[in-house]
Amino acid sequence: MKSHEHVPPPPPPPPPSAQSAPRGLPGPPPLGAAALPAGTYAGQVVLVTGGGTGLGKAIAAEFARLGADLVIASRRADQLAAARAELAAVPGAGRVTAAVCDIRDPERVAEVFDAAEAALGLPDVLVNNAAANFPCPAEDLSPNAWRAVVDITLTGTWFMTREFGRRHLAAATPGSIVNIGASYAWTGGPGFAHSAAAKAGVKNLVETLAVEWGPYGIQINGLVPGLFPHADMTGDIQAGLDRAGPDAKDARQPALRVGRPRELGWAATFLASPYARFVTGHTLVVDGANWQRRALVNPEVVPVREQLGRGPFEG
Ligand code: NAP
């Protein structure tokens, strides 16, 4: 092209029409809808760690709706008691029991399974949902903080899984495990080195045990939530979400909305159901594609210390 030739400027982009305006992914059916046939879990026992709060309680509620007998387990008796009453009131629910348990203690874990077996029968499904987390620059993590998160999230998950697996192997009965993970198991999690490393271990266990225990009828899958705000979130996590403004959460998701806890519950009930028996060793991400998000031009890098409002590292 000769330099004196006139090149017309590109036309301005058309205004978004009603059809093409981004609206995000549609919302889910209302709370109370069931993803599977009524009674899918009738006569089945489902144990959910951390089932007294947040996503664990939402997952437990969807199993209850499908007729499961529930065991919810965590450390705080008061919150378990309140959740037990709530879950027992879910239409279709079977029996609901609660067990106070720190999943870091393998003897207490064994006692929880003993009590569950005596009251309801050996759990057919284990949902490893309990975890601990808080944001922290890696260089500020104390050995105790590291140990607490890795011990709860990875080692506690393993103790529960080990007990479940050993009992089913001994009884020659099938079972299904769902490990709740996080997408930084794949990507790394700046500001969450402890939790991301632990969740990578949790995901890896899924892959190992699906092969080791498949021959004995034990299925194991991972389930990764995206952003699922709920009333029980810790102050630390809530503050992190609010940093961009209390109403900014939806606009920061490709789905233009956050997840609703029941959506995670529906996915869990599918993964552990007879309809997913050939799905094992898989980790399902339910996050509206948020973890695959990339910008054409990346935003400037802000060090984690700065994002968390911490001053310079002083050793
Ligand atoms: P949460 O509100 O922090 O709840 C954690 C649960 O785990 C609580 O019920 C807690 O009960 C229990 N727990 C903690 N330490 C325990 C221990 N040592 N022994 C037994 N129970 C223990 O978490 P959440 O937001 O509902 O998240 C649930 C799962 O989803 C976690 O695995 C989390 O990593 C994952 N996740 C959540 C999101 C999200 O947007 N919410 C995103 C990605 C991944 P006690 O204090 O009574 O023990």
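The turns below go through the ligand site and the sheet of this predicted model.

User: How many residues surround the ligand, and how do they divide into nonpolar, polar and charged?

Analyst: The closest residues to the ligand are T53, R75, Q79, N129 and H230. The shell divides into eleven nonpolar, nine polar and six charged residues. The number of residues around the ligand is 26.

User: Which side chain has an N or O atom 2.7 Å from an oxygen atom of the ligand?

Analyst: The side chain of K199 places an N or O atom 2.8 Å from a ligand oxygen. At C101 a backbone N or O atom lies 3.5 Å from a ligand nitrogen. The 2.7 Å distance to a ligand oxygen belongs to the side chain of R75.

User: What percentage of the ligand's accessible area does the protein cover?

Analyst: On its own, the ligand has 890 Å² of accessible area. The part covered by the protein is 87%.

User: Which strands are at the edges of the sheet?

Analyst: Seven strands, paired in parallel, form an open sheet in the order β3-β2-β1-β4-β5-β6-β7. Neighbouring strands are turned against each other by 20° on average, direction ignored. An edge strand pairs on one side only, and this applies to β3 (96–100) and β7 (283–286).

User: Which residue of β2 is the bridge partner of V45?

Analyst: Strands β1 (residues 45–49) and β2 (residues 69–74) pair in the parallel sense over five bridges. In β2, the partner of V45 is D69.

User: At what angle does helix α8 run to β6?

Analyst: Helix α8 covers residues 261–271 and lies across β5 (175–180), β6 (218–225) and β7. Its angle to β6 is about 165°.

Notes
Residues numbered from 1 in each chain as written. Predicted model: local features only at pLDDT ≥ 70, side-chain atom pairs only at ≥ 80, totals over all residues. Heavy atoms only, no water. Near = heavy atom within 4 Å. Polar contact = N/O pair within 3.5 Å; in protein donor to acceptor, adjacent residues only side chain to side chain. Areas by Shrake-Rupley, 256 points an atom, 1.4 Å probe, with all protein chains shown as cover. Nonpolar A, V, L, I, M, F, W, Y, C, P; charged D, E, K, R; others polar. Pairing = 2+ DSSP bridges. Helix = DSSP H or I, 4+ residues; strand = E, 2+ residues; numbered from the N terminus. Axes fitted to C-alpha atoms, helices over the stretch in contact; angles between N-to-C directions. Contact = heavy atoms within 4.5 Å.
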